[in-house]
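Reader: I would like to go through a protein model step by step. Please show it first, and I will ask about its parts.

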Amino acid sequence: MQPAIPYLRTGDRVALAAPARAVSPEEMAPAIRTLQAWGLEVVVPDGLYERHNQLAGSDIHRAALLQGLLDDPSTKAILCARGGYGTVRIIDKLDFSRFALQPKWIVGYSDATVLHSHVQATLGLPTLHATMPINFPANGSPCPATESLRQALFGEPQAIVWDSHPMDRQGAAEGVATGGNLSILYSLLGSRSQIDTHGKILFIEDLDEYLYHIDRMMQALRRAGMLDGLAALVVGGLTDMHDNTTPWGHTAEEIVMEAVADKHYPVAFGAPIGHLGPANRALQLGTKLRLAVGNRNTISPITR
C-alpha cells in the first residue's frame, strides 16, 4: 500500500537538516557519500554547519533552515543530521501548511521524535523513525540500520524480526504505529504536539536515563491516558540506563511492564529500534502495521 507520501526513486533530492545539536562536514561526509551511492542527490543547505554553543545555530537560524526544507517542493525527504536536544525549541516557529500540500519523508530518531509527534498529531502524515547521518558507518559499508533506512525510503517491503523477551506479553495486533523516544514523548505532554495513542501500536525507546526517571515518565504517560486502549506496546532499546547509590530496585523493562500491568494488549520488549547503533531498524510511524508477539516477534507492513 502506497502511503500518503511517495517513496523515493533514483535521482530524487534529499536534504540534510540540523534542528538540534551541531554537526560538522566531517561527520556528515560518510552519509553524503552513501546517499549518493543510493542514486540520490543530496542537498546540504547553507548554514547546516552553523554553531551556537551545543546547537546547530540559534533557534531562529535552525527554524529558518528547516522551514526552507519543509517548503521546498523539489526535495523528497528531510534527514535530521543528528539528535541531542533542541527541536522542541523551534517546533512552534515552523509553518507546516506548504508541507501538508506536498509532504515528504521526515527521517530521524531521538530528538526527531518532536517532529514525528507534531506531524502525526497535527497532520496525520507518516514519518520514518530511523538512523541518522551522524550514525552512518565512516567506511561506507552497509549495516542493518542504513540498509533498513534505504529499504524504507525506496518502499521495499520489510519486516522487523527479533527474539522474544522473557517479559513479553504474547498476542497479535494491527494498528497505526506511533511514538519514539520516551523522554521526548514525556516533554510533549499537554502540548499540541502530543500524539493520540488510542488504538495504536505505541513504540518507546530511550538512552542514558536514570531508572527513576524512566518510572517518572511512564507514570506520567499512564496518568495522561497514553497507555490506555493501545493496540500494543513495543519497547525498543533501553540503552545505558543508570541507577542511584540506593538502587531503584527494578530494571527499565520491569518499570515499563509495571506501568501496563493492568492492561491486556500485547507487549514486546527488545525491538531492534532506537539508540542501538548499527542495529537500529527503520520503523514507519503514522501507518498501519501488524505486530506478532510470540516465540519470535515481528513487525510487518500491511500491504493489502
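The questions below go from the whole chain to single residues.

Reader: What kind of model is this, and how many helices and strands does the protein have?

Author: This is a predicted model. Its secondary structure consists of eight helices and 13 strands.

Reader: Which radius of gyration does the protein have, and why does it agree with a compact globule?

Author: The chain has 304 residues, and for that length a compact globule would come near 19 Å. Along the principal axes, the C-alpha atoms fill a box of roughly 50 × 45 × 40 Å. The radius agrees with the globule value because the protein has 18 Å.

Reader: What percentage of the residues is buried, and what percentage of the accessible surface belongs to carbon and sulfur atoms?

Author: Buried means under 20% relative accessible area. Of the 304 residues, 55% meet that condition. The accessible surface is about 12600 Å², and the part belonging to carbon and sulfur atoms is 50%.

Reader: Among contacts between residues at least 6 apart in sequence, what percentage joins residues at least 24 apart?

Author: The count here leaves out pairs that are less than 6 apart in sequence. Of the contacts that remain, the percentage joining residues at least 24 apart is 79%.

Reader: How far apart do the centres of the positive and negative side chains lie?

Author: There are 25 positive side chains and 30 negative ones. Each set has its own centre, and the distance between the two centres is 6 Å.

Reader: In what order do the strands of the open sheet stand, and which strands are at its edges?

Author: In general, strands of a sheet pair through backbone hydrogen bonds, parallel or antiparallel. Here seven strands form an open sheet with mixed pairing, in the order S6-S13-S12-S7-S8-S9-S10. An edge strand has a single partner, so one side of it is left without a neighbour in the sheet; this applies to S6 and S10 (267-268).

Reader: Which residue of S13 is the bridge partner of Val-161?

Author: Strand S6 (residues 160-163) and strand S13 (residues 296-301) run antiparallel and are joined by four bridges. In S13, the partner of Val-161 is Thr-298.

Reader: What joins S12 to S13, and which residue stands opposite Leu-291?

Author: S12 (residues 288-293) and S13 run antiparallel, with four bridges between them. The connection is a hairpin through two residues. The residue of S13 opposite Leu-291 is Ile-299.

Reader: How many bridges join S7 to S12, and which residue is the partner of Val-176?

Author: S7 (residues 171-181) runs antiparallel to S12, and six bridges join the two strands. In S12, the bridge partner of Val-176 is Lys-288.

Reader: Is helix H5 mostly covered or mostly uncovered, and which strands help to cover its buried residues?

Author: H5 spans residues 144-153, and seven of its ten residues are buried, so the helix is mostly covered by the cut-off of under 20% relative accessible area. The buried residues include Ala-145, Leu-149 and Leu-153. Among the elements that cover them are S3 (75-80), S4 (105-108) and S5 (127-129).

Reader: Which residue just after H5 takes a positive phi?

Author: The position in question follows the end of the helix, and its phi is about 75°. The residue is Gly-155.

Reader: Is Trp-105 buried or exposed, and how far is it from Leu-125 in space?

Author: Trp-105 lies in strand S4. Its relative accessibility is 0%, so Trp-105 counts as buried. Leu-125 is 20 residues away in sequence, and the C-alpha to C-alpha distance is 9.2 Å.

Reader: Is His-118 buried or exposed, and which residues does it contact?

Author: His-118 belongs to helix H4 (residues 113-122). With 1% relative accessibility, His-118 counts as buried. Leaving aside neighbours within four places in sequence, the contacts of His-118 are Ile-91, Phe-96, Leu-123, Arg-192 and Ser-193.

Reader: Is Gln-67 buried or exposed, and which residues does it contact?

Author: Gln-67 is part of helix H2 (residues 59-71). Its relative accessible area is 15%, and Gln-67 is therefore buried. Beyond neighbours within four places in sequence, Gln-67 is in contact with Lys-93, Leu-94 and Asp-95.

Reader: Is Gly-190 buried or exposed, and how far is it from Leu-40?

Author: Gly-190 sits in the loop between helix H6 (182-187) and strand S8 (201-207). At 74% relative accessibility, Gly-190 counts as exposed. Leu-40 is 150 residues away along the chain, and the two C-alpha atoms are separated by 39 Å.

Notes: Residues numbered from 1 in each chain as written. Predicted model: local features only at pLDDT ≥ 70, side-chain atom pairs only at ≥ 80, totals over all residues. Heavy atoms only, no water. Rg over C-alpha atoms; globule rule 2.2 N^0.38 Å. Buried < 20%, exposed > 50% of the residue type's maximum accessible area, 1.4 Å probe, protein only. Contact = heavy atoms within 4.5 Å. Areas by Shrake-Rupley, 256 points an atom, 1.4 Å probe, with all protein chains shown as cover. Lys, Arg positive; Asp, Glu negative; His and termini not counted. Charge placed at Lys NZ, Arg CZ, Asp CG, Glu CD. Pairing = 2+ DSSP bridges.
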